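Subject: Handing over the structure

Hi,

Here is the structure I promised to pass on to you. Please have a look at it first, and then read on for what turned up.

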Amino acid sequence: MADREDVLNDFTVEKEMSPAILKAYLQRFPEFTQDLLALFNELSISDLASAEASLPLETKAVSTEALRVQHVRQSLFGTGVREFARDLGLPRAFFTGLNAEVIHIASMPTSLLKALANRLGVHMQDVISGMQQGDGHAVAMKSDVKPGAVPQIDFQDYVDLAGLSEEEQRVLQSLLADDGSD
C-alpha cells in the first residue's frame, strides 16, 4: 500500500496540474480520494490566486467580482446546486427559483441573503447579482402570441408554494435567523 504523504507529495510536484492528472491519481490511489480532491482544489485556487495577482488592477477587480458572481450562479443554479442544497438541508428545487425572474429580490430577507453569502464565501451583493442573472439558460420557443411578463412573487409566497417539509422549513428558519457572521 502506498504511503499517503508520498502520494500527496508526488501529486503536488506534478509538472502539470490538470483534471487528467487528478483522474490518473484517483484511479491509482482510490484510498486517498478525499485527500487528492482537497489538494487539487487547494492547488487550483492557489493557481487562480497567482494568475489574479499578475492581472492589472482594473482587470483584477472586475474579474474577482465576476468570479464571485459566477460562483454564486454555479452554487444556486448550476453544477454546484446539488451539493450546496444537500449541505444546507434544503431541496435543490428550492434554489432554482431563487432568481429575479421568479422572486422579487427586495422581498427576500436580508438575513437570508447574508447567510447565503456567508455560506458561499462571497459578498451579499454577489448573491444578489447572481440571483439577478438567474440560471442563464435561454429558452427559445415559437408562438403566435407575444408573451406577457410574468409577475414576480414575494419571497414568502414562494416559500409557501415551495412545499418544504417541516425539517426543511426549520432549516430555512435557521438561515433566516442567521445574521451571516460565522
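Below are some notes on helix packing, aromatic rings and a few single residues.

Before anything else, please keep in mind that this is a predicted model.

A good place to begin is a pair of helices. Helix 7 covers residues 110-120 and helix 10 covers residues 166-177; their axes come within 7 Å and cross at roughly 95°. Because angles of 65 to 115 degrees count as roughly perpendicular, helix 7 is roughly perpendicular to helix 10. If you would like to find the contact on your screen, select S111, L112, A115 and R119 on the helix 7 side, and L172, L175, L176 and A177 on the helix 10 side. What kinds of residues make up this contact of helix 7 with helix 10? Six of them are nonpolar, one is polar and one is charged.

One member of that contact, R119 of helix 7, deserves a second look. R119 is partly exposed, its relative accessible area being 42%. Between R119 and F84 there are 9.0 Å in space, C-alpha to C-alpha, although the two are 35 residues apart in sequence.

F84 turns up again around S75, a residue of helix 4 (residues 57-77). Leaving aside residues up to four places away in sequence, S75 touches F84 as well as G80, V81 and L120. Is S75 buried or exposed? With a relative accessible area of 8%, S75 is buried, since the cut-off for buried is under 20%.

Now to the start of the chain. Helix 1 (residues 4-12) has V7, L8 and F11 among its residues, and these three are buried. Around the axis they cover an arc of only 95°, so they sit on the same side of helix 1.

F11 also leads us to the aromatic rings. The model has four aromatic pairs. In one of them, the ring centres of F11 and Y25 are 5.0 Å apart and the planes stand at 75°, so this pair is edge-to-face. Which parts does the pair tie together? F11 belongs to helix 1 and Y25 to helix 2 (residues 19-28), so the pair joins parts that lie 14 residues apart in sequence. Both partners are tucked away: F11 counts as buried at 0% relative accessibility, and Y25 counts as buried at 5%.

Another of the pairs is F29 with F32. Here the ring centres are 6.4 Å apart and the planes are at 40°, so the pair is tilted. F29 and F32 are buried too. Taken together, F11, Y25, F29 and F32 are linked by ring pairs into a cluster, so it is worth displaying these four side by side when you look at the model.

Finally, a loop residue. D154 is found in the loop between helix 8 (124-133) and helix 9 (155-161). D154 is partly exposed, with a relative accessible area of 40%. What does D154 touch, apart from residues up to four places away in sequence? Its contacts are I103, H104 and S107. For D154 and I103, the separation is 51 residues in sequence and 5.7 Å in space, C-alpha to C-alpha.

Enjoy exploring it!

Best wishes

Methods. Residues are numbered from 1 along each chain as its sequence is written. This is a predicted model: local features need pLDDT of at least 70, side-chain atom pairs count only at pLDDT 80 or more; totals for chains, interfaces and linings use all residues. Side-chain values use heavy atoms; hydrogens and water are left out. Axes are lines fitted to C-alpha atoms, for helices over the stretch in contact, and angles run from 0 to 180 degrees between N-to-C directions. Helices (H or I, at least four residues) and strands (E, at least two) are DSSP runs, numbered from the N terminus. Angles under 35 degrees count as roughly parallel, over 145 as roughly antiparallel, 65 to 115 as roughly perpendicular and the rest as oblique. Contact means heavy atoms within 4.5 Å. Ala, Val, Leu, Ile, Met, Phe, Trp, Tyr, Cys and Pro count as nonpolar, Asp, Glu, Lys and Arg as charged, and the others, Gly among them, as polar. Buried means under 20% relative accessible area, exposed over 50%, partly exposed in between (1.4 Å probe, protein chains only). The arc is that of the directions from the helix axis to the C-beta atoms. Rings of Phe, Tyr and Trp (its six-membered ring) pair if their centres lie within 6.5 Å; planes under 30 degrees apart count as stacked, over 60 as edge-to-face and the rest as tilted.
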